[in-house]
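Thanks for making time this morning. I would like to walk through one model with you, going from a single residue outwards to the contact between chains.

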Amino acid sequence: MSNQPFTHLDVLESESIHIMREVAAECKNPALLFSGGKDSIVMLRLAEKAFRPARFPFPLVHIDTEHNFPEVIACRDKLASDLGERLIVRSLDDSIKKGTIVLKNADQGRNAFQSVTLLETIAEFGFDACIGGARRDEEKARAKERIFSFRDEFGQWDPKNQRPELWDTYNTRVHAGENIRVFPISNWTEMDIWEYIAREKLYIPDIYYAHEREVIRRDNGVLPVSHLVQPRSGEKVEKLVVRFRTVGDMTCTCPVESHARNAQEIIEETAITRITERGATRMDDQTSEASMELRKKEGYF
Amino acid sequence: MSNTTQLLRFITAGSVDDGKSTLIGRLLHDSKSIFEDQLSAITKTSERRGGMGAVDLSLLTDGLQAEREQGITIDVAYRYFATPKRKFIIGDTPGHEQYTRNMVTAASTANLAVILIDARKGVLTQTRRHTFITSLVGVPHIVLAVNKMDMVGYSKETFDAICAEYRAFAAQLGLHEMTCIPMSALNGDMVVERGENLNWYQGSPLLELLENVVIDHDINTIDFRYPVQWVCRPQTQEYHDFRGYMGRIESGVIAAGDEITILPSGRTTKVKEIVTYDGNLQRACAPQSVTLTLTDEIDISRGDMFVKSAAMPQVSKEFEAMLCWLSESPLDLNRKYIIKHTTRVVKCLFARLEYRVDVNTLEHHSSATLNMNDIARVAMKVQQPLVFDSYTKNRFTGSFIVIDEATNNTVAAGMII
Ligand SMILES: Nc1nc2c(ncn2[C@@H]2O[C@H](COP(=O)(O)OP(=O)(O)OP(=O)(O)O)[C@@H](O)[C@H]2O)c(=O)[nH]1
Ligand SMILES: [Mg+2]
């Protein structure tokens with residue numbers, strides 16, 4: 001009778017919309033973490049589908065490492081203003097000035113420090129829920145996390161003692177000072193994200209598509225040359241045709257060699273790739289077997 | 001991959017060390033769904049742990065430090081893979097009794113459960129507990145995997161005996177439809193490939209079964225149920241008078257012009273439009289998330305439910321339910337708790353504890369309280385009426401969670417009878 005053929009993308013999309021509406025309805029002061037990367041751009045489209053014709057019932061928040069690719073920041077600002085939604089930006093530099101982040105050297109990777117500024121921002125605005133674009137297929141610790149992930153007053157995740165999460169009946173309750181991280185695209189894979197970008201014709205930073213770029217080889221990876229990454233003696237600058245599978249901190253995000261110039265070609269490449277998204281692109285996740293779990297315990301997304 | 005790919009959510013369940021995580025690892029490995037960096041990472045870890053040459057595939061899902069230290073699963077790991085026929089979401093659940101609540105978490109959204117049994121050990125208490133929970137939360141399909149067949153010389157007699165014992169237990173729960181597969185997750189027999197060792201087995205290997213099990217009928221397509229999640233009032237120039245009721249169709253179908261009843265008030269009206277970001281629809285069905293506008297102005301808020309007048313649910317402040325108690329602190333019959341049912345949150349009281357079920361014998365016992373992992377039948381009273389169906393009729397409108405107001409923890413899962 002009603003066997004309209006639903007695709008897996010339709011099912012995932014509806015699940016994500018349902019989750020966002022639960023947050024809007026039950027949390028007092030939520031925020032949507034928005035970086036200008038592909039996953040958070042998918043989240044914006046899902047929020048449009050969840051709440052239009054009204055405005056979003058939460059502001060967009062970006063924790064800026066100041067190590068971002070300029071193309072990504074430009075895209076972040078364009079999308080926020082095109083949508084007419086409020087964007088709050090808080091910078092790691094503010095925390096560094098305040099002395100709450102102490103760097104060993106000015107150019108070191110900053111992903112690990114994002115938690116500090118994030119927790120300060122949560123306290124500043126009194127957010128009780130932060131909606132994030134993390135996916136369970138990204139990393140083995142994320143694979144263990146609930147969709148509504150409770151954090152104590154120190155922002156900590158306790159992986160050995162998570163709340164049961166039954167059906168789609170989410171427990172959003174927290175005491176003052178605690179908060180919930182909500183991951184509406186938990187069940188999406190990298191492939192689903194690209195299929196959705198293609199289907200919805202989403203505008204994303206062009207560094208996700210193949211382009212020529214100056215790179216150097218360092219610590220078993222390929223790093224993009226920028227004002228933060230300059231060749232050291234003995235390192236040679238090469239020109240390669242590359243694209244980024246993730247866009248994080250410029251000092252530790254590696255591009256992959258590729259000729260894929262649009263979402264459809266990326267889908268074809270994703271179908272045959274033999275390396276995970278993070279394995280191919282994030283040097284900071286490879287420092288120890290449990291680096292993501294440790295960071296999450298400290299309040300990371 | 002075609003754009004009409006179906007999604008199947010399944011879990012592995014069973015007793016400690018029966019090989020659940022290894023099976024998931026094997027399934028991913030043999031279906032070429034493991035990435036090179038993941039394989040090299042778990043190979044390194046296996047070597048460091050002094051494994052005897054072979055890669056420990058359970059490390060693929062046992063992602064937490066504490067799990068790797070102890071060689072056990074503590075919480076559900078979700079993994080994703082696809083074949084040309086389907087996309088799969090796997091929940092690898094822990095076998096330890098202490099972590100049963102995490103198994104309930106995964107089971108509550110699954111279309112199918114693979115229950116593992118160690119061929120050397122046969123049916124154990126935890127096998128029965130997980131089977132009971134699987135039947136209670138109404139997982140529509142069950143596969144019995146008799147694992148570690150390599151340790152019993154791939155004996156058909158052993159397999160047959162275990163299947164018979166399991167089927168007898170499952171029949172007491174009303175579970176009659178199931179497929180039994182002999183396998184060795186370690187060696188990969190009957191997981192993706194048939195292997196050389198189980199030629200006496202005529203059925204299909206696990207993956208083939210997962211690809212072909214029919215799941216179209218798992219959703220209730222008859223009774224329209226639409227809990228209101230959020231009232232949309234844009235209050236802009238353009239949408240000055242717009243008032244939309246946002247929600248997800250949990251079951252059934254709706255079309256523009258259909259008459260609906262709003263519960264619990266009982267008022268009736270008609271659907272004016274089915275609004276979505278991608279344009280208005282003539283009709284929509286579960287599991288779509290939409291926005292409905294109505295022909296009459298009626299006071300409606302979150303927690304109300306739209307239904308079709310021909311198929312009414314129950315509206316009541318009292319009901320009975322099966323309950324899985326999930327909290328370390330026992331049930332306190334003197335206290336009030338909170339229930340979240342669809343989009344409604346209300347205070348509740350436990351009026352009566354009818355009985356507790358012994359998971360081994362399925363016998364009923366009287367009990368003064370409930371401890372972690374107990375399963376019981378209870379009578380409940382709520383402060384405001386709930387709009388519900390029996391769980392067997394509708395998984396969405398028949399389920400609820402119980403929250404402890406003091407700690408905000410989810411302490412129980414309930415299924416209305
Ligand atoms: N011989 C043999 N050993 C197996 C087989 N499957 C799993 N094992 C071994 O059984 C042990 C337990 O396997 P796991 O996959 O961790 O068991 P589990 O069911 O996930 O355990 P929990 O999640 O802690 O309940 C490991 O040493 C596996 O190598 C099999 O088919 N044959
Ligand atoms: Mg396990």
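**From one glutamine to the interface**

Let me begin with Gln126(B), which is buried, with a relative accessible area of 7%, where buried means under 20% relative accessible area, exposed over 50% and partly exposed in between, using a 1.4 Å probe and protein chains only. Before going on, I should say that this is a predicted model, in which local features need pLDDT of at least 70 and side-chain atom pairs count only at pLDDT 80 or more, while totals for chains, interfaces and linings use all residues. Residues are numbered from 1 along each chain as its sequence is written, chains are lettered from A and ligands numbered from 1 in the order in which they are written, and side-chain values use heavy atoms, with hydrogens and water left out.

Gln126(B) sits in helix 5 (residues 125-136) of chain B, helices being DSSP runs of H or I with at least four residues, and strands runs of E with at least two, numbered from the N terminus. Leaving aside residues up to four places away in sequence, Gln126(B) touches Gly14(B), Ser15(B), Gly95(B), His96(B), Glu97(B) and Thr100(B), contact meaning heavy atoms within 4.5 Å.

Turning to the metal, the magnesium ion (ligand 2) has as its protein donors Ser21(B), through OG, and Thr73(B), through OG1, lying 2.0 Å from it; donors are N, O and S atoms within 2.8 Å of the metal (3.2 Å for Na, K and Ca), and since water is not among the atoms, sites may look incomplete. This pair links distant parts of the chain, 52 residues apart, with Ser21(B) in helix 1 (residues 20-30) and Thr73(B) in the loop between helix 3 (65-70) and strand 2 (77-82) of chain B. Ser21(B) counts as buried at 8% relative accessibility, and Thr73(B) is buried with a relative accessible area of 8%.

How many residues does each chain bring to the contact? Chain B gives 84 residues and chain A gives 65 residues. Between them the chains bury about 6700 Å², 54% of it on carbon and sulfur atoms, where buried area is the accessible area (1.4 Å probe) that two parts lose on being put together, summed over both. Across this interface the rule finds 10 salt bridges, each a side-chain nitrogen of Lys or Arg within 4 Å of a carboxyl oxygen of Asp or Glu. One salt bridge joins Lys49(A) to Asp278(B), with the closest N and O atoms 2.8 Å apart.
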